[in-house]
Amino acid sequence: MVGSKRWKVGLLYVLAFAVLFVMVFPYLYMVLGSLSPWNEVDRKLIPSSLTLRSYEWLFQGGEDVVPRPWLRAFFNSVLVTSASTLLMLVTAVMVGYALSKVPFKGRQWVNNAILFQMFYPSIILLIPLFLIVRYFGWYNTYWAMILPKAVNLWAIFMYTNFFRSIPDELIEAAKMDGAGHFTIIRRIVWPMSRSITTIIFLFLFMERWVELLWDMLVVNNEKLLTLNVLLAQMFGPYGGYPGPMYAASVLLTLPILILFLLFSKNFKEGMQFILK
Amino acid sequence: MNKHAAKMGWLLASPYLIYSAIFFLIPLFWALFLAFTNWNLISPEYETVGMQNFLDAFFSPSVRAAFWVTYKFMLMFVPIVIAGSLFLALIIHHLPRWKGLFAVGYFLPYLASGVASSIVVKGVISYNSPLNQFLRNALGWDVDWLGSPILAPLVIALMMAWKFVGYYALLFLAGLESIPKEVYEAAEIDGVVGWKRVWYVTIPMLYPSFYTVTILAVGLMFGIFTEPYVLTGGGPEYATHTWQLEIYNQAFEKLNAGYGTAVAIINSIVTFASIFVFRKVLEKWGGKHGWE
């Protein structure tokens, strides 16, 4: 009886690791491809030797072919994503706090508007949004990539729900001590929401980081392209340089992975709230 | 005091209000107007054309392709992703140790950029890739993955499944963990064991998770852009031509902004209607079996 159970658990772990391998395989393939000699990329699974040539090529801008600002693109991605994510977090905390802890007339109305907007198919807005950005003169600027992505409805929704679980007494007590709303947010609400903030931050950052369509539309100046867009657009012309393609893919993937693994301790806790 | 609270409330909510006025309300009405014009995104002149855009879209082969391609994607993606994520959730659920580690590991694909994973997939199935070499040399199969109108959508569907399976597994896992032990014990007393237990206890109790995952997966199929854009460009012969590609091509490649907006409106109506039907069918199906 015990023997058969142990056997079953063993099999389960074999299965679990096999699946894990499948899930991680494309990442491994990407890294191996970026370290392979150029004549072995996409031809051999395990390269006969490892080389950093692809990365050197990338970090020198690939000058020997056509100069492409890969590092600049990486910097653009970091700038645009960080700014957007920061704004999305700050605005979501503010609005979420207002909707859960500040009783004001019209609160329910705002709440409903957000819910309606969340389920609204945003594709209809794509073309007019582009026109608005152009009208404001933001075409080919960082603003075009940051400001239309400064508020996130899902994040507001999540924070509103989370803040509702914070007891009102805490807020009242702080008010008694003479604290204003901004102080309450900074000193009480924000520190209490660390686990959910981790998750919201990760999701927002990840989604912003991999955005393709919008960033592709509003910017065509090579100096402002994000890494994701540059990678997508250079795919054709660089068909002959798969090594650097993989190196750039690694460059694109690494920051997200590092962030995620850094925060993975808080992951389960926060995820439980999100999935509820 | 109350007045102050009201002011504070509106002030704190103002980022949302300002944002929505500029980036939601104005574009919304603009879109409703644009859809009835023949504007070409550049010239200052345009005229209203009534329902012409909608009529054109109805008879357009590429719009029709996008319509059917979405359902084709769904047919491949939804069963794969549901079976796969349920499988992963069951594995994680039954592991005695390191649950979190595997959950995080399975979630990793969700973090990959569609561009990066498309590049990898394109490499894995390229002509001289180890996979194709093996298929050619060992089995004599010469497969043109992205050149076949059946395989190309399958490649994309599988890739999307790889990406989302770990995420949906978390939803199933939450469902599995919320099933009380007593239910299983009661079932065991009644002689419900083995596969019967899966069918009569686990699946009905998981119905809410099934419902959520199915609706999410169906909704996802209406918004695919990155993967076909990088992998196939919509080909071969419109086999992977999604709504988003059609809208993008029409508005920003062919500069038919008015027409593109009309297609976007049609797309959202089709999306809404489809999801509505799916919800009704699922609810009816669940209701018939006494699930909720």
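Is A:Asp42 buried or exposed, and at what relative accessibility? At 12% relative accessibility, A:Asp42 counts as buried, because the cut-off for a buried residue is under 20% relative accessible area. The structure is a predicted model, and the values below are computed from it.

**Two residues with positive phi**

A:Asp42 is not a glycine, yet its phi is positive, at about 65°. The residue sits in the loop of chain A between α1 (2-35) and α2 (53-59). Most residues other than glycine have a negative phi. A second case occurs in chain B, where B:Trp98, also not a glycine, has a positive phi near 60°. B:Trp98 belongs to the loop between α3 (61-94) and α4 (99-107) of chain B.

**The two chains as wholes**

Chain A has 13 helices and zero strands. The radius of gyration of chain A is 23 Å, well over the 19 Å that the globule rule gives for 276 residues, so chain A is more spread out than a compact globule. In chain B the secondary structure likewise consists of 13 helices and zero strands. For chain B the radius of gyration is 24 Å, where a compact globule of 292 residues would have a value near 19 Å.

The table sets out further values for each chain.

| Chain | Property | Value |
|---|---|---|
| Chain A | Box of C-alpha atoms along the principal axes | roughly 75 × 70 × 35 Å |
| Chain B | Box of C-alpha atoms along the principal axes | roughly 80 × 75 × 35 Å |
| Chain A | Buried residues | 53% of 276 residues |
| Chain B | Buried residues | 54% of 292 residues |
| Chain A | Accessible surface | about 13,100 Å² |
| Chain B | Accessible surface | about 14,000 Å² |

Carbon and sulfur atoms account for 66% of the accessible surface of chain A and for 68% of that of chain B. Among contacts in chain A with a sequence separation of 6 or more, 73% involve residues 24 or more positions apart. In chain B, 68% of the contacts between residues at least 6 apart in sequence join residues at least 24 apart.

Chain A carries 23 positive and 14 negative charges, and the mean positions of these two sets are 7 Å apart. Chain B has 17 positive and 16 negative charges, with mean positions 7 Å apart.

**Helix α9 of chain A**

Which residues of helix α9 (residues 181-192) of chain A are buried? They are A:His181, A:Ile184, A:Ile185, A:Ile188 and A:Val189. These residues lie on the same side of α9(A), because they cover an arc of only 130° around the axis. An α-helix has 3.6 residues a turn, so residues three or four places apart point the same way. The face turned away from the buried side of α9(A) carries the exposed residues A:Arg186 and A:Arg187.

**Surroundings of B:Phe222 and B:Gln244**

B:Phe222 lies in the loop of chain B between α10 (207-221) and α11 (226-231). With 4% relative accessibility, B:Phe222 counts as buried. Leaving aside residues up to four places away in sequence, B:Phe222 touches B:Thr70, B:Tyr71, B:Met74, B:Trp243, B:Gln244, B:Asn267, B:Val270, B:Thr271 and B:Ser274. B:Phe222 and B:Asn267 are 45 residues apart in sequence, and their C-alpha atoms are 8.0 Å apart in space.

B:Gln244, one of the residues that B:Phe222 touches, is in helix α12 (residues 243-253) of chain B. B:Gln244 is buried, with a relative accessible area of 10%. Which residue of chain A does B:Gln244 touch? The contact is with A:Ile123. Within chain B, and not counting residues up to four places away in sequence, B:Gln244 touches B:Phe222, B:Gly223, B:Ile224, B:Phe225 and B:Asn267. B:Asn267 is thus listed among the contacts of B:Gln244 and among those of B:Phe222.

**Surroundings of A:Phe59**

A:Phe59 is located in helix α2 of chain A. A:Phe59 is partly exposed, with a relative accessible area of 42%. Not counting residues up to four places away in sequence, A:Phe59 touches A:Leu71 and A:Leu251. The C-alpha atoms of A:Phe59 and A:Ala247 are separated by 9.8 Å, while the two residues are 188 residues apart along the chain.

Key:
Residues numbered from 1 in each chain as written. Chains lettered and ligands numbered in written order. Predicted model: local features only at pLDDT ≥ 70, side-chain atom pairs only at ≥ 80, totals over all residues. Heavy atoms only, no water. Helix = DSSP H or I, 4+ residues; strand = E, 2+ residues; numbered from the N terminus. Rg over C-alpha atoms; globule rule 2.2 N^0.38 Å. Buried < 20%, exposed > 50% of the residue type's maximum accessible area, 1.4 Å probe, protein only. Contact = heavy atoms within 4.5 Å. Areas by Shrake-Rupley, 256 points an atom, 1.4 Å probe, with all protein chains shown as cover. Lys, Arg positive; Asp, Glu negative; His and termini not counted. Charge placed at Lys NZ, Arg CZ, Asp CG, Glu CD. Arc of directions from axis to C-beta.
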